[in-house]
Amino acid sequence: KYKKRVEKKSVLLISSDIDRYSNIIISLPMSSQWLYVDENEFNFTSFLPDYILKDLLFRPYHRSNPQQGWSQYERWRERFPKIKIDSGKNRLDHLFLRSKISISTWNTTTCLETLSVNIPTIMFWDPKYFEIKKSAEKYFDLLKKVGILRDNPKSAANHLIKIWDDIDGWWESPDVVEAREIFVDRYANNKDLMGKLIRVLRMPNDYKFNI
């Protein structure tokens with residue numbers, strides 16, 4: 001559960017990371033493909049005007065062993081020496097409290113968290129590297145129609161610029177609210193978690209999961 005945001009100042013750009021060497025087959029970038037995704041994040045940032053960049057906070061993926069992944073901090077500091085970079089050690093929920101909008105560039109847990117707790121969110125990624133199964137496409141299409149999901153960094157940056165003066169107005173518009181609620185109900189529904197767990201444990205052979 002998240003407290004109501006009290007200091008909405010930052011544009012929180014949240015990145016992820018993968019192992020330097022492939023060890024699993026998954027519908028996410030693998031090994032050096034991460035560098036392409038990283039470049040997309042650079043492009044998104046370069047499209048933003050100075051009045052947004054001054055509020056941008058880049059959140060790299062924090063690893064206990066940095067040698068397993070890639071050096072995000074150095075690459076970002078070299079490309080954008082003036083932007084603010086989080087250490088990666090701060091709790092995400094604390095960063096959410098200070099953010100007027102969250103930018104997710106990977107189809108992973110972070111965007112499900114921000115959507116489920118109703119934090120204004122823009123998501124973008126290249127569908128070439130983030131494949132979606134057929135049964136899920138209609139739900140992601142809902143997000144695309146209202147501007148939550150974009151498939152390239154320029155489109156995402158332009159949308160942020162467009163809504164900058166009234167982010168909450170866009171986020172609370174009926175079409176966006178409906179799309180978010182449908183998507184969350186399908187993929188990030190956290191209602192009655194304890195009750196569901198109790199029912200699973202009491203009758204595991206009879207309980208049917210809605211997958």
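**Asn40.** I began with Asn40 in this predicted model, and it counts as buried because its relative accessibility is 12% (buried means under 20% relative accessible area, exposed over 50%, partly exposed in between, with a 1.4 Å probe and protein chains only). Asn40 lies in helix H1 (helices are DSSP runs of H or I with at least four residues, strands are runs of E with at least two, and both are numbered from the N terminus). Setting aside neighbours within four places in sequence, I found Asn40 in contact with Phe124, Asp126 and Pro153 (contact means heavy atoms within 4.5 Å).

**Ground rules.** I noted that residues are numbered from 1 along each chain as its sequence is written, and that side-chain values use heavy atoms, with hydrogens and water left out. Local features need pLDDT of at least 70 and side-chain atom pairs count only at pLDDT 80 or more, while totals for chains, interfaces and linings use all residues.

**H1 against H7.** Two packed helices are described by the angle between their axes and the distance between the axes. For H1 (residues 33–46) and H7 (residues 153–163), I read an angle of about 35° and axes 8 Å apart (axes are lines fitted to C-alpha atoms, for helices over the stretch in contact, and angles run from 0 to 180 degrees between N-to-C directions). The crossing of H1 and H7 is right-handed (the near helix is turned clockwise from the far one by less than a right angle; anticlockwise would be left-handed). Which residues meet here? From H1 I listed Asn40, Asn43 and Phe44, and from H7 Pro153, Ala156, Ala157 and Leu160.

**A nonpolar patch.** Next I looked up Leu197, which sits in helix H10 (residues 193–202). Leu197 counts as partly exposed, because its relative accessibility is 44%. Together with Met194, Ile198 and Leu201, Leu197 makes a nonpolar surface patch of about 410 Å² (patch residues have over 30% relative accessible area and no salt bridge; like charges are joined within 9 Å, and nonpolar side chains, namely Val, Leu, Ile, Met, Phe, Trp and Tyr, within 5 Å). A salt bridge is a side-chain nitrogen of Lys or Arg within 4 Å of a carboxyl oxygen of Asp or Glu.

**Asp185.** Asp185 belongs to helix H9 (residues 174–187) and is partly exposed at 48% relative accessibility. I also checked Ser116: its C-alpha atom is 8.6 Å from that of Asp185, with their positions 69 residues apart along the chain.

**Whole protein.** I closed with the totals: 10 helices and six strands, and 43% of the 211 residues buried.

Notes. Areas by Shrake-Rupley, 256 points an atom, 1.4 Å probe, with all protein chains shown as cover.
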